[in-house]
Amino acid sequence: MTQARTPWVIVPLAAIAIAYIALPFAALLQRTPWSDLGRLVSQPVVADALWLSITTAFAATGIAAVVGIPLAWVLARTRFPGRSAVRALITLPMVLPPVVGGAALLFAFGRRGLLGGPVFDSTGFVLPFSIWGVIAANTFVAMPFLVLTVESGLRAADARYEDAAATLGASRWTIFRRITIPNAAPSIIAGGVLCWARALGEFGATVTFAGNLQGRTQTMPLAVFLALESDRDAAIALSLVLIAVSLAVLVPLRDRWLAG
Amino acid sequence: MLIASIEVHLGALDLALELEVGDGEVVAILGPNGAGKTTALRAIAGLRALDGGRIVLDGTVLDDPATSTFVPTAQRPIGVVFQDYLLFPRLSALDNVAFGLLAHGRDKAEAKAEAMRWLERFDLGAHADARPATLSGGQAQRVALARALATEPRLLLLDEPLAALDAATRLQVRTELRRHLATFDGARLLVTHDPVDALVLADRLVIVEAGHVTQAGTPAEVAARPASRYVAQLVGINLLHGAASGARTVQLTSGMELTVADALPGPLVAVAIRPQAIALHRDQPGGSARNTWVATVVGLEADRDRVRVDLGGPVPVIAEVTPAAVAELRLEADAEVWASVKAVDLTTYER
């Protein structure tokens with residue numbers, strides 16, 4: 001790190017930024033009913049919401065990886081007309097209000113949606129207002145983080161290793177599996193972490209597309225929001241659990257993969 | 001045997017060169033950076049499609065845009081040693097060598113055993129489990145060579161095989177590489193910008209400048225008759241172009257006339273002058289030297305116990321003098337000195 005000549009105005013502004021992020025957490029801890037915490041977090045609603053949040057976040061990350069890594073590869077390594085339009089489209093869920101995303105999902109996969117309608121008519125399967133709906137909403141909102149991170153990782157990786165593998169007789173699929181993916185592993189992990197964190201915190205699209213049914217579609221953020229209306233202490237307890245889970249997953253990964 | 005006629009258009013580079021490499025022969029493509037050497041190698045490897053021309057290896061057409069023939073890289077019987085080797089960083093030395101064997105459909109145990117034999121042949125048996133990052137430059141190069149040869153290619157391509165090494169290991173590795181190259185019976189083509197690598201490793205040189213072959217021949221032939229200023233500099237000889245202006249005088253492009261000892265071979269000639277044949281003086285020299293002129297010192301470069309003096313002026317040449325002469329003549333950038341060369345020290349040939 002270089003020792004910069006610090007313009008004096010920079011330091012107080014940076015301090016304001018730190019305070020702005022730190023103060024809400026401090027307030028949350030200050031308002032925490034520590035003596036009652038054990039009872040609050042052992043309520044069944046917490047276990048239900050926590051389990052649902054974690055499983056759906058992992059499921060969404062898994063789906064995003066299976067289709068998102070190939071998409072990232074296509075964006076990074078091929079040229080086709082409309083490529084920048086595709087990238088803009090992929091970025092859309094990141095910048096769109098999630099509620100709008102949830103509404104759009106309903107029109108596509110709802111019982112009377114563009115694709116959901118025919119599926120319901122022929123199989124009776126309904127995506128929204130189920131755990132599958134939660135996963136679908138999470139995937140929609142969180143996948144762009146993985147795609148864009150992996151794409152930049154693939155761009156940064158030295159493609160000449162793929163050339164070297166080709167000269168040794170490796171097929172395209174072997175090269176992708178044994179060279180491209182391992183070389184992009186740091187960006188895949190980083191993108192997966194971002195994707196998982198975004199999915200864990202997802203609110204707007206989930207409540208719109210999957211609803212807020214305890215034990216079925218009520219994730220932690222929804223439970224926090226609901227508890228704020230009725231039981232402020234429970235809301236704080238839920239928030240602390242969510243923070244703890246996020247840190248427990250992200251900190252070790254961060255140290256291992258994102259250091260330096 | 002490789003017979004290639006390579007036409008590639010890449011940005012400002014228009015590459016058009018003809019190459020032939022026989023079995024058992026080592027050919028070096030030698031040229032300055034940006035001449036298109038690596039692009040030519042990539043075209044032969046199938047990493048870059050030809051825009052025109054044809055690549056034939058052992059009678060099989062690998063690339064021919066005219067007939068839309070293109071054999072993908074993975075199906076070409078080639079081995080490539082890349083610049084900085086490109087060993088797969090997450091695989092051990094053994095797995096790097098086994099990679100190509102596995103890709104060719106060998107089963108795992110067999111591939112590993114075969115890879116081990118290759119490593120042992122290159123004195124790398126003790127480093128089989130080592131990651132590439134822990135290998136020295138010379139070891140990494142041998143792993144790269146073993147990896148390229150393990151699939152038993154018909155053509156071995158080497159891209160600047162010694163450029164990644166420091167000067168001290170270079171000498172030793174160059175000698176080793178020469179020995180290892182000799183054990184391979186297919187065609188070998190190497191690309192380098194270093195004339196020493198080319199002279200030591202190759203049976204035949206192909207000089208490429210700005211996408212075109214400017215000279216081809218054995219190292220001795222090229223050194224004896226450098227066809228361009230670049231080649232002359234490579235082999236350490238000054239080369240000046242001029243036209244006959246008398247029976248024994250050559251007029252250079254600057255207008256300066258040089259007197260030579262022998263009758264000129266033709267109307268357009270090249271004049272070769274060894275840097276050691278040019279004498280420098282503080283005052284206008286008398287004596288037997290037939291050619292004298294005032295030169296400006298453009299640069300000085302120490303080379304062991306000699307100093308190479310880059311001279312500007314009517315005769316742009318490099319002179320080689322002792323450090324003592326530099327001090328005595330007070331040679332420094334922009335200084336003016338008298339230069340002289342005897343007529344008998346000028347060699348002319350037709351161009």
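**Exercise 1. Place B:Ile273 in its strand and describe its surroundings.**

Solution. B:Ile273 belongs to strand S15 of chain B, where strands (E, at least two residues) and helices (H or I, at least four) are DSSP runs numbered from the N terminus. The model is a predicted one, in which local features need pLDDT of at least 70 and side-chain atom pairs count only at pLDDT 80 or more, whereas totals for chains, interfaces and linings use all residues. Residues are numbered from 1 along each chain as its sequence is written, and chains are lettered from A and ligands numbered from 1 in the order in which they are written.

The next step is burial, for which C-beta atoms are placed from the backbone: a residue is buried if 20 or more other C-beta atoms lie within 10 Å of its own, exposed if 12 or fewer, and partly exposed in between. B:Ile273 is buried because 22 other C-beta atoms lie within 10 Å.

Contacts come last; two residues are in contact if their C-beta atoms, placed from the backbone, lie within 7 Å. Leaving aside residues up to four places away in sequence, B:Ile273 touches B:Asn238, B:Ile278, B:Val317, B:Val341, B:Asp345 and B:Leu346. The C-alpha atom of B:Gly236, a residue 37 positions away along the chain, is separated from that of B:Ile273 by 9.5 Å.

**Exercise 2. Work out the order of the five strands in the open sheet of chain B, and state which are the edge strands.**

Solution. Two strands pair if DSSP finds at least two bridges between them. The open sheet has the order S14-S13-S12-S15-S21 in chain B, with antiparallel pairing. Strand S14 (257-259) and strand S21 (346-350) of chain B are the edge strands, since each pairs on one side only. On average, and with direction ignored, neighbouring strands of this sheet are turned by 40° against each other, the axes being lines fitted to C-alpha atoms, for helices over the stretch in contact, and the angles running from 0 to 180 degrees between N-to-C directions.

Within the sheet, strand S12 (residues 238-244) and strand S15 (residues 268-273) of chain B run antiparallel and are joined by six bridges. B:His241 stands opposite B:Ala270 in S15(B).

**Exercise 3. Describe the hairpin formed by S18(B) and S19(B).**

Solution. Strand S18 (residues 306-312) of chain B is joined by five bridges to strand S19 (residues 317-321) of chain B, and the two run antiparallel. B:Arg308 has B:Glu320 in S19(B) as its bridge partner. Four residues lie between the two strands of the hairpin, and B:Gly313 in the turn has a positive phi of about 115°.

**Exercise 4. Locate B:Ser68 and B:Arg330, and decide whether each is buried or exposed.**

Solution. B:Ser68 lies in the loop between strand S5 (60-64) and strand S6 (69-70) of chain B, and its phi is near 55°, a positive value in a residue other than glycine. B:Ser68 counts as exposed, because it has 6 C-beta neighbours inside 10 Å. B:Arg330 is found in the loop between helix H9 (323-328) and strand S20 (336-341) of chain B, with a phi near 50°, again a positive value in a residue other than glycine. B:Arg330 also counts as exposed, with 10 C-beta neighbours inside 10 Å.

**Exercise 5. Explain how the buried residues of H5(A) are arranged around its axis, and what covers them.**

Solution. Helix H5 (residues 98-109) of chain A has 12 residues and reaches 16 Å from its first C-alpha to its last, close to the 16 Å expected at 1.5 Å a residue, where the expected span is 1.5 Å times one less than the number of residues. The buried residues in H5(A) are A:Pro98, A:Gly101, A:Gly102, A:Leu105, A:Leu106 and A:Phe109. Because they cover an arc of only 145° around the axis, they are on the same side of H5(A); the arc is that of the directions from the helix axis to the C-beta atoms. Their cover includes helix H4 (83-95), helix H6 (116-123), helix H7 (131-156) and helix H11 (204-209) of chain A.

**Exercise 6. State what makes up the side of chain B that touches chain A.**

Solution. In the contact between the chains, 17 residues of chain B meet 13 residues of chain A. Strand S7 (78-81) and helix H2 (93-103) of chain B each supply at least two residues of that side of chain B.

Note on methods. Ala, Val, Leu, Ile, Met, Phe, Trp, Tyr, Cys and Pro count as nonpolar, Asp, Glu, Lys and Arg as charged, and the others, Gly among them, as polar.
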